[in-house]
Amino acid sequence: MIGDLITASVLASGIRLATPYLYAALGETFGQRSGVLNLGVEGVMLMGAFTSLWAVHEFTPAGATGYDAGALAMGVLVAILVGLIMGLATAVINVTLQAEQGISGIGIYLFGLGMSDLLFQKVFGGNVVTVNGFPKVYLPVLSDIPVLGEIFFRQNLLVYFAFALVPVTWFVLNKTTLGLKIRAVGQNPEAADAMGISVARVRYFTVTLGGVLASLAGASLSISLVNVFQQNMTAGQGFIAVALVYFGSWRARGVMFGALLFSLVNALQLQVRTKGIDVPDEYAAMAPYVLTIIALVFASQRIDQPAALTKPFERGE
Amino acid sequence: MSTSSDERKLLPTGHERIDHLEMRGIVKRFPGVLAVDHVDFDVRAGEVHALLGENGAGKSTLMKILYGLYQANEGEIYLNRRKVTIKSPSDAIALGIGMIHQHFMLVPSLTVAENVALGLKSSREPLLDLDVVSARIEQLARTYGLQVDPSRPVWQLAVGERQRVEIIKALYRGAALLILDEPTAVLTPQEVDDLFATLRQMVQDGHALIFISHKLHEVLAISQRITVLRDGRVVGSVPTAQATKAELARMMVGREVLLTYDVPPVEPGPVRLKISGLRASSDRGTEALRGIDLEVRAGEILGLAGVSGNGQRELAEVIFGLRPATAGSVLLDGQDITGKSPAELNRLGMSYIPEERMLDGVIRDFTVAENLMLQEHAQRPYSYHIFLNPRAIAQRCANLIRNFNIRTPNQETPIKSLSGGNIQKLVLARELAREPSVLIAAQPTRGVDIGATEYIHQRLLEQRARGTATLLISEDLDEILALADRIAVIYEGEIVGVVDRAQAQVETLGLMMAGVRHETAAG
């Protein structure tokens, strides 16, 4: 029975489903490492999901049957732009206006939830619209490896890019002067300030980058994984992404393992449901969320938590 | 050896010297306070100019203006006779001004090299060049006797080492003028000697140093000139060679000050507080107390000396039931009180003056009266069933305010608007009014002006005469030497030794504070 469940195609879908978690959680990692908690990831994801789908739909030539590379590029571009705007807005609220981050994040989430649905109703009348999303790209040679090839190397571009971001994040945080500034600002902004670093500028950068990546996370759902948009289609994935940052102890690699754990459980529960195995649907569906709670209780190593997380910085006493 | 005039203008670190820096007519207002009032101050290359004054006299504020952390409301700064504006720390750094803050500006999770590299241009931008930085750190360390390992994370370093990292950070950035804000507050006497050696080397090389302190003997030992601040104004400026302790103290406080106390002999009574084999964990989960044994007798002050962070705070908290003991026991008059709640301990005659008075001693937003009544408000006559008795409360508070000389406009003043000294007197009033048989006083005079310190010391001695067993925990060795009958030294959660005050020597205590066992230290 287990053999039935864990097949190469289930594992491949597990890898694929990790994409939105990866984008969102890596973006959030930058923000949190610099001391800003953005709970609004979910809202930015929804905006990214809708706007990128709209762009792909809009720019696909009428009558096209397959995917259209230009339209897909526009989808990604629009998602980046929307993420940039929402990330900047988040930075203004959290860094300049020094809002209570737990609350302002909920506000950003609600804005994204409402706005994405409003646009959906206005533009598409609330009707399901499908687009031709990113096609699979078989990597030469690698994709021919038995089993592994199917699992890892027959994915689409957004999936590859998400996984490539893991070492990039690690490298930027640990091996560059920018990364050193980010870590310092998150641990002791007073010290960074005394060394002539602009705490606000560093945080604007990380929070805006987090917005862009969250928006891409949304796009990876709507134009790469499921290729439709529905109201609240992220269904809490943005919040799970925030939790994954804690789960991964603010490290790129830990975040990746967390994302994979959740996406594999997700893929598995989908398989359980399609195979019609005698497990009540509800139990299977709630598995990832139960896992979030359990994982957070047991796995988070708070020692590594950025000391200034959620604390706005202002010079002087 | 002949050097060109250009070379003579350079420090060994390759940066230009600051021949003269002058602050003229500096004024800084905070809401409701004139923190710095038309202050003139200057420093030259090759000298230590000490800035002496009590807490709140405006020393740190003046220096934060020089370092760009605050903006002055009035006044000018001249560097080598040229007017400069300093809007932020990066402006100050660019001019060759460095500052060692009282609270270290280090990122604990980063290594020494990363802390030094922070904010600097890398030679391989945008990549880090920690190997280059480390090599340069080792070179500076050799020149100025500042031993540190560049690859170690800062949280693993002792306080003295962290200070060395701060100095290296400033030198690395080419500081020709270095501001040291109370640099000795956290050091053992030996570490102070090492620091002074480093500072003398820097002065010889042509650095200009500003040394902020309220410790008279240190200022006299290291500086060439002394400027005294009081209430934001310059009281006077004297060459160190012509200054005396008594004169400086008078200038700081504005009146004659007792520098030593008359401690009458008291025959110690029975053991009141007995601590045996006490162990406890720190907030981080590491072992903070590793088997503490201590006895405090009635009519005795036992001083607990040590560099901060060696378990003092944890010990006080375990004794007073605020932190669980993992092993061992605390006996009060032979009765086991380990793990009893603070309320029970209060009833049993124990009082506690906590180290962090604003966090653990008072409630910031409460009034003077409310803070005075935190413990007894539920007892008669201050309340009857569920109702408070305002008249009885007002009367008791009026008595305490008078008896303990608390300077407050009235009982309803929010406590946060009082000075540190007055808040501490309030805590003292609340805790001593109960006439405790055992008193735990943790850093009772930290951040308190000389006047209030003197007063608090007198009250502690009064308690001693009354037969109270006092455990005085202090990082200020002078305070312990002035008050304690016996002195215990704590190092990394263990008692290194206990000595009678009559036999105590600063050098021996200093070695003990650095972890050297008493037998070895004495021999």
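**Note on strand β13 and two cavities**

1. E300(B), L302(B) and L304(B) point one way from β13(B), while I301(B), G303(B) and A305(B) point the other way, and all are buried, where buried means under 20% relative accessible area with a 1.4 Å probe and protein chains only. The strand covers residues 300-305 of chain B, a strand being a DSSP run of E with at least two residues, numbered from the N terminus.

2. This is a predicted model, in which local features need pLDDT of at least 70 and side-chain atom pairs count only at pLDDT 80 or more, whereas totals for chains, interfaces and linings use all residues. Residues are numbered from 1 along each chain as its sequence is written, and chains are lettered from A in the order in which they are written.

3. Five bridges join β13(B) to β20(B), residues 469-473, and the two run parallel; here L302(B) has L471(B) as its bridge partner. Four bridges join β13(B) to β21(B), residues 486-491, also running parallel, and there G303(B) stands opposite I487(B). Strands pair if DSSP finds at least two bridges between them.

4. There are five cavities of 30 Å³ or more, a cavity being a set of points on a 1 Å grid over the protein atoms alone where a 1.4 Å probe fits but cannot get out, with lining residues having an atom within 4 Å of a point. The largest has a volume of about 100 Å³, the volume being the space filled by probe spheres set on the points, which are joined across faces, edges and corners.

5. The second largest cavity holds about 70 Å³ of space, and its lining includes M195(A) as well as Y67(B) and E166(B).

Terms used. Side-chain values use heavy atoms; hydrogens and water are left out. Buried means under 20% relative accessible area, exposed over 50%, partly exposed in between (1.4 Å probe, protein chains only). On a 1 Å grid over the protein atoms alone, a cavity is a set of points where a 1.4 Å probe fits but cannot get out, and a pocket is an open set with protein on both sides within 12 Å along at least five of seven lines; lining residues have an atom within 4 Å of a point.
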